[in-house]
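Me: Got a minute to walk through this one with me? I'd like to get a feel for the fold before I go back to the bench.

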Amino acid sequence: MASLSRQFAQWVVGLRYEDLPPAVVDRAKGVTLHTLASVLIGSKTRDGGHAVKLITDEETGVRNGATIMVSGGKVTKGGAAFANSEMALAGGKYDTFRMLTHPNTAIIPGALVAAETAGASGKDYLTGLAAGYEVMERMASDFIPTVMSRGFHPGPVFSIFGAAVAAAKILRFTEDQVNSTIALCASLAGSNVEGARSGGRALREGAATRNAMLAVTLAREGHVGGETVLEGDAGFYHSYTGNNQGLLSHSFVGATRTSLDKIAADLGKDWMFLETLYRIYSFAGYNIAHIDVTAQLCTEHDIRHENVERIEAVVNWMETRYPSPAFPSRREDGAARPGGTAFYTAYAVVKRGISALRGLGADASGKDAPPEVLELMKRVTIIPSHTMTLFGPRITIFTKDGKSYTKQSTGREFIWDYAEETRRIREVIPGLPIPAAQFETIIATCRDLERAERADKLIQLTLKQT
């Protein structure tokens, strides 16, 4: 059997736009729009501004580089990928795959750099994007908790592959070049959680995206990456999971083993990309369902916070020990605190929802939280379970008249089509650095992206108009 990277390379090279199911095209458009909104928001933040300044100070004046979104600065391809990724991270509008990875913050900046470089069409961009997501998420799927338990952040560790594959496809690499691109990513992947645990700041998807561009450049110039770099005895999976036999130290639902053979099985038939959901709120993803599901339960039964005795929320156990049971930085099943799961559950009861512009910084302080929320959150009990699906809490509200009301989340509430994405993402328009009409043009361009002669029109649409 061909190596894992070779199987991916053969599929990526052979993939055509016409092979993409309508749902995959729709999701590719949606995550693109979601990311552009995040970049626009992130450009106004301290962290986003620092990233842009860092790159522009170092690289301004490059003749054949790529564009930093919003500012319009021309820098190296790797520099643009880094700055755009960092703004996407700072904006907080991520997509999420199995809680601990946010593919859009790396894949879309990498894909747009490649699209600008190649003058690629909308169809070529969408095809590359789908390929990048599928490769990354298949590689990550069962291994995310185990990778995190070994001290690596799985977001950057896996997203480098998605960003590089998307770019390689858009740049029309050969099979050998794609194979080498993937193999080189194994050497360039990284991100350790100890820095953030000890007072530092994590180096995440921005660095991964920049390294993805380096892998693409090296492969294009003929650097051969190797053949069994992923599954080999000293390969990627051995390094990041501790073995190449599919043995798992941690998993979301109790599994202790998987198979590397199934990673590339049925490529193009079963699309893992469609499991990607939208983190519409700018706080820890495992909390997002506590807002919408709890609010719906209160609306359905006309439950008012004054009448609530207590609340129970049964959740996946890993959602109570973030980011990993091996290295928890916070526990959600202990005392309630602003910015925690109990806080958002209570917030949903009191306010029946939350603004998509509300950020983690404000929430975490609790300074602007309604007093009713801060009081009610003390009567929320978070119950960890080894059988509950991710992002699928079971909420039970006990009222003072002795009744109880339960709503079970499916974990798929934040998987939606492009039409719903446009409805939800419009909430952020007041916080954008561009006029509403300009953002509406971005929405329309993403919607009709398969008709676009050049996908990098999206980059130009983020620039402030003069």
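What follows is a chat about a sheet, some helix packing and a pocket.

Reply: Sure, just keep in mind that this is a predicted model. Where do you want to start?

Me: The sheet. In what order do the four strands of the open sheet come?

Reply: The order is S8-S5-S9-S10, and the pairing is mixed.

Me: Which strands stand at the edges?

Reply: S8 (380–385) and S10 do. Each has a single partner strand, so one side of each has no neighbour in the sheet.

Me: And how much are neighbouring strands turned against each other?

Reply: By 15° on average, ignoring direction.

Me: Does anything sit on that sheet? I mean, which strands does helix H14 touch?

Reply: H14, residues 341–351, packs on the sheet and touches S5, S8 and S9. The direction of H14 makes about 125° with that of S8.

Me: Back to the strands. Do S5 and S8 run parallel or antiparallel?

Reply: They run parallel, joined by six bridges. One pair to click on is Glu312, whose bridge partner in S8 is Thr381.

Me: What about S5 and S9, parallel or antiparallel?

Reply: S5 (residues 308–316) pairs with S9 in the antiparallel sense, over six bridges. Val314 stands opposite Arg394 in S9, and Ile311 has Ile397 of S9 as its bridge partner.

Me: OK, and what's the bridge partner of Ile397 in S10?

Reply: That's Tyr405. So Ile397 has bridge partners in both directions: Ile311 and Tyr405.Me: How many bridges are there between S9 and S10?

Reply: Five, with S9 (residues 394–399) and S10 (residues 404–408) pairing in the antiparallel sense. Their hairpin has four residues between the strands, and Gly402 takes a positive phi near 90°.

Me: Switching to helices. At what angle do H2 and H5 pack?

Reply: About 95°, with the axes 10 Å apart. H2 covers residues 22–42 and H5 covers residues 104–118. The two helices are therefore roughly perpendicular to each other.

Me: Which residues meet there?

Reply: From H2 you have Val31, Thr32, His34, Thr35 and Leu36, and they meet Asn104, Ile108 and Leu112 in H5. By class, the contact of H2 with H5 has four nonpolar, four polar and no charged residues.

Me: And H2 against H6, what angle is that?

Reply: About 90°, again with axes 10 Å apart, and H6 spans residues 122–140. H2 and H6 are therefore roughly perpendicular to each other.

Me: Who makes that contact?

Reply: On the H2 side, Val24, Val25, Ala28, Lys29, Val31 and Thr32; on the H6 side, Tyr125, Leu126, Leu129, Ala130 and Tyr133. The contact of H2 with H6 divides into nine nonpolar residues, one polar and one charged.

Me: Last topic, pockets. What volume does the second largest pocket have?

Reply: About 450 Å³. The lining counts 23 residues, and the closest to the pocket centre are Arg98, Phe252, Glu275, Thr389 and Leu390.

Me: What's the mix of classes in that lining?

Reply: Eleven nonpolar, six polar and six charged residues line the second largest pocket.

Terms used
Residues are numbered from 1 along each chain as its sequence is written. This is a predicted model: local features need pLDDT of at least 70, side-chain atom pairs count only at pLDDT 80 or more; totals for chains, interfaces and linings use all residues. Side-chain values use heavy atoms; hydrogens and water are left out. Two strands pair if DSSP finds at least two bridges between them. On a 1 Å grid over the protein atoms alone, a cavity is a set of points where a 1.4 Å probe fits but cannot get out, and a pocket is an open set with protein on both sides within 12 Å along at least five of seven lines; lining residues have an atom within 4 Å of a point. Grid points are joined across faces, edges and corners, and a volume is the space filled by probe spheres set on the points. Ala, Val, Leu, Ile, Met, Phe, Trp, Tyr, Cys and Pro count as nonpolar, Asp, Glu, Lys and Arg as charged, and the others, Gly among them, as polar. Axes are lines fitted to C-alpha atoms, for helices over the stretch in contact, and angles run from 0 to 180 degrees between N-to-C directions. Contact means heavy atoms within 4.5 Å. Angles under 35 degrees count as roughly parallel, over 145 as roughly antiparallel, 65 to 115 as roughly perpendicular and the rest as oblique.
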